[in-house]
Amino acid sequence: MASSSGTKSGPEGGGAPPKKSLSRRMTRMPTMVDVPEDEATGDSERVPASLKSIAPILRVANEIEELNGRVAYLCRFHAFEKAHNLDSISSGRGVRQFKTYLLHRLEKSMMSTESEDMSLTDE
């Protein structure tokens, strides 16, 4: 006599798992907040929904960057600090990627402002 594992194969036992009926529709929460086209450029265009309060700070940084790169850097730095305070462990959807992007943007801005400062002192 052969032992069985408790499952039957064939048409009676249904070797395949039973089909589940979807009783409720799957929904997805928005993960990013879109800033309207006429107001957005650069890093303030796509901000995680949990960090939407920093979008205006990033918008100002983008607007002022041509006039004063150092102030734009400080705005982004403040936005990064605020993002870290809002979600310090980056548990929100898309937060870790956004914070990483913002950190790279800060490093790039810091290098460019340092090179500008060096060229000003050489003159």
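A residue counts as buried when its relative accessible area is under 20%. By that cut-off, 25% of the 123 residues in the protein chain are buried. The model is predicted. Its average pLDDT is 76, and 56% of the residues score at least 70. The chain has three helices and two strands. Two topics take most of the space below: a salt-bridge network and a nonpolar core.

**Fold and surface**

- Read from the N terminus, the order of elements is β-β-α-α-α.
- Helix α1 covers residues 55-64, and helix α2 covers residues 69-86.
- Helix α3 covers residues 95-122.
- Take the contacts with a separation of 6 or more: residues 24 or more positions apart account for 43% of them.
- The exposed area of the protein chain is about 9800 Å².
- Carbon and sulfur atoms supply 55% of that area.

**Confidence**

- Over residues 35-41, pLDDT stays under 50.
- For that stretch, the model has eight contacts beyond four places in sequence.

**Salt bridges**

- The structure holds two salt bridges.
- One of them pairs Arg-76 with Glu-65, with 3.1 Å between the closest N and O atoms.
- Arg-76 sits in helix α2 and Glu-65 in the loop between α1 and α2, so this pair ties together parts eleven residues apart in sequence.
- Arg-76 has 0% relative accessibility and therefore counts as buried.
- Glu-65 is at 26% relative accessibility, which makes it partly exposed.
- Glu-65 also forms a salt bridge with Arg-105, where the closest N and O atoms are 3.0 Å apart.
- Arg-105 belongs to helix α3 and Glu-65 to the loop between α1 and α2, so here the parts tied together are 40 residues apart in sequence.
- Arg-105 is buried, at a relative accessible area of 17%.
- Through shared partners, the salt bridges join Glu-65, Arg-76 and Arg-105 into one network.

**Ser-109, in contact with the network**

- Ser-109 lies in helix α3.
- Ser-109 is buried, with a relative accessible area of 7%.
- Neighbours within four places in sequence aside, Ser-109 is in contact with Glu-65, Tyr-73 and Arg-76.
- Glu-65 and Arg-76 are also salt-bridge partners of each other.

**Nonpolar core**

- In soluble globular proteins, nonpolar side chains tend to be buried together.
- The largest nonpolar core here has 17 residues.
- The residues with the most contacts inside this core are Val-47, Leu-51, Ile-54, Leu-58, Ala-79, Phe-98 and Leu-102.
- Helices α1, α2 and α3 are the elements that give two or more residues to the core.
- Helix α2 gives the most, with six residues.
- Ala-79 is in contact with Ile-54, Ile-57, Leu-58 and Leu-102, leaving aside its neighbours within four places in sequence.

**Aromatic pairs**

- A search of the whole structure finds two aromatic pairs.
- One of them, Phe-98 with Tyr-101, is tilted: the planes are at 45 degrees and the centres 6.5 Å apart.
- Both residues of this pair, Phe-98 and Tyr-101, lie in helix α3.
- Phe-98 and Tyr-101 are three residues apart, about one turn of the helix.
- Phe-98 is buried, with a relative accessible area of 5%.
- Tyr-101, in contrast, is partly exposed, at 36%.
- Phe-98 is also among the residues with the most contacts inside the largest nonpolar core.

**Arg-96, an exposed site on α3**

- Arg-96 is in helix α3.
- Arg-96 has a relative accessible area of 51% and is exposed; the cut-off for exposed is over 50%.
- Outside its neighbours within four places in sequence, Arg-96 is in contact with Ile-89 and Ser-90.
- From Arg-96 to Ala-83 the C-alpha to C-alpha distance is 10.0 Å, with their positions 13 residues apart in sequence counted as separation.

Definitions and conventions. Residues numbered from 1 in each chain as written. Predicted model: local features only at pLDDT ≥ 70, side-chain atom pairs only at ≥ 80, totals over all residues. Heavy atoms only, no water. Salt bridge = Lys/Arg side-chain N within 4 Å of Asp/Glu carboxyl O. Helix = DSSP H or I, 4+ residues; strand = E, 2+ residues; numbered from the N terminus. Buried < 20%, exposed > 50% of the residue type's maximum accessible area, 1.4 Å probe, protein only. Core = buried A, V, L, I, M, F, W, Y, C linked by side-chain atoms within 4.5 Å. Contact = heavy atoms within 4.5 Å. Areas by Shrake-Rupley, 256 points an atom, 1.4 Å probe, with all protein chains shown as cover. Phe/Tyr/Trp six-rings, centres within 6.5 Å; stacked < 30°, edge-to-face > 60°. pLDDT = per-residue confidence, 0-100.
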